[in-house]
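Where does this protein leave empty space, and where does it pack its nonpolar side chains? Take the structure below and follow along.

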Amino acid sequence: MTHTLVPATEADGRITALLAAVRLQRPAFEGAALRAEEERTLPADIVAMMRDLGLFWLKTPTELGGSEIDPISFCDVLEEIAYYDASAGWAAMIGNGTTGCIAAWLADEGIAEIFTDGPLPIMAGQFTPRGSATADGDGFRVSGRWSFSSGILHSSWLVGGCRIDGTDELVLAVVPKSEATVHDTWHVAGLQGTGSHDFSLTDVHVPAARICRWFGAAPKRGGLLFRQPQLLFLANELSPVAVGIARRAVDDMYEMAAATARGPRGSVLADRLAFQKDISVAESRVRAMQLLYRDAVAQGWEIARTGADASDVLVTRLRAQHTLIVEECLDVVSRIFRYGGGRALSLKNPMQRHLRNLTAAMQHVYISDENYEVAGRARIAEVAAGRP
């Protein structure tokens, strides 16, 4: 297998080199942002560039050709890409999380089929059990329809969460994209460039080797990265994307300020005291959210590094914090958007794109008020049990 990156543990300088390589591609990412929206998927040249940089396999075990970088470094990379283009950052997030889970948890026989001597695979799909799996000889017959499969058009393998018929067991079915029907459903208001179409399977035979028992199971390969609490392994990813988008929105508004005046006698925006206050508050809030998510990710990483037990209270609290981070980023951008006036409504103006993309990110299944409810309930029970 050919691969442009080496494990981060070999030298911290490799992460610096990776970030430098991503920054060199800023013009490419930014130049393709509008094309991605028009095509409703990442343009082929951007996918090829991201492949060349290894940006889809940062959470894939090194023994399979991935980079397996630490979570903080991974967030740095995601935030940087999202700062340039939200859809590219989102596609990197999904491609890494989905591929990384299957790469670490699928049985050896299935891995041997998928991770061949050719290019490393990119996977898309949805873990929510929208499908059914019925035992059939040496495998299962799988049917179902899954939504929001970001990156599906540039992926070669698909993953669908299923419930095994007659049981409560949840599994992940892994199939070649050629065996699925992709539905052109991604006509949306935000994150258009992610290509998050639906796909369906109808009575497709999936061999047992490609049925991944991920839920609550120990990884079969990989290092400390895969010893994090499973929900945090995936939930960690949304915050850096949201912060990257919000950072860019604040910076873009600073640039607009000197050239923006409202009304025939209006003051230049940069000279208005109200704007000076609000943009400073916005920048401070985004910085606070950046520090909060890095602290949350660091806590999950510490659990993996030390082998400590992850309490339900800690995991639920960290998931609630990630929810708050995305909410705060959307609120920050909503508040400064109004200063852009009518020109910010133009489809060519980046401010409306930042607002739409963060609104779309808020709809992700991992960003829900339920996360606060679960965290609050767990903490209440902890205090009632005398563990303040």
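Start with enclosed space. The whole structure of this predicted model was searched, and one cavity of 30 Å³ or more turned up. The largest cavity has a volume of about 60 Å³. Its lining includes Lys59, Ile69, Asp70, Pro71, Phe74 and Cys75. Leu225, Gln228, Phe233, Asn236 and Glu237 also line the largest cavity. Which helix gives the most to this lining? Helix α4, residues 71–84, does, with three residues. By class, the lining of the largest cavity has six nonpolar, two polar and three charged residues.

Cys75, one of the cavity-lining residues, leads to the cysteines. A disulfide is a covalent bond between the sulfur atoms of two cysteines. The search of the whole structure finds zero of them. For Cys75, the nearest cysteine sulfur belongs to Cys329 and is 13 Å away. A disulfide needs the two sulfur atoms within 2.5 Å, so that spacing rules out a bond. The relation holds from the other side: for Cys329, the nearest cysteine sulfur is that of Cys75, at 13 Å. Are these two cysteines buried or exposed? Cys75 has 1% relative accessibility, so it counts as buried. Cys329 is buried too, because its relative accessible area is 0%.

Now turn to the packed interior. In soluble globular proteins, nonpolar side chains tend to be buried together. Here the largest nonpolar core has 99 residues. Phe29, Met50, Leu55, Val77, Met253 and Met351 touch the most other members. Helix α5 supplies the largest share of this core, twelve residues. Look at Val77 for a local view. Leaving out residues up to four places away in sequence, Val77 touches Leu18, Leu19, Val22, Leu55, Leu58 and Ile69. Ile69 also lines the largest cavity. A second, separate core has 18 residues, among them Cys162, Val171, Val204 and Val206.

Finish with open space. The largest pocket holds about 1,100 Å³. It is lined by 38 residues, and the closest to its centre are Gln126, Thr128, His364, Val365 and Tyr366. Several elements give two or more residues to this lining: α5 (86–105), β1 (123–136), β2 (139–149), α7 (230–235), α10 (312–337) and α12 (369–384). Strand β1 provides the largest share, six residues. Helix α5 thus appears again, as a contributor to the pocket lining and to the largest core. By class, the pocket lining has 19 nonpolar, 15 polar and four charged residues.

Notes. Residues are numbered from 1 along each chain as its sequence is written. This is a predicted model: local features need pLDDT of at least 70, side-chain atom pairs count only at pLDDT 80 or more; totals for chains, interfaces and linings use all residues. Side-chain values use heavy atoms; hydrogens and water are left out. On a 1 Å grid over the protein atoms alone, a cavity is a set of points where a 1.4 Å probe fits but cannot get out, and a pocket is an open set with protein on both sides within 12 Å along at least five of seven lines; lining residues have an atom within 4 Å of a point. Grid points are joined across faces, edges and corners, and a volume is the space filled by probe spheres set on the points. Helices (H or I, at least four residues) and strands (E, at least two) are DSSP runs, numbered from the N terminus. Ala, Val, Leu, Ile, Met, Phe, Trp, Tyr, Cys and Pro count as nonpolar, Asp, Glu, Lys and Arg as charged, and the others, Gly among them, as polar. A nonpolar core is a set of buried Ala, Val, Leu, Ile, Met, Phe, Trp, Tyr and Cys residues joined through side-chain atoms within 4.5 Å. Buried means under 20% relative accessible area, exposed over 50%, partly exposed in between (1.4 Å probe, protein chains only). Contact means heavy atoms within 4.5 Å.
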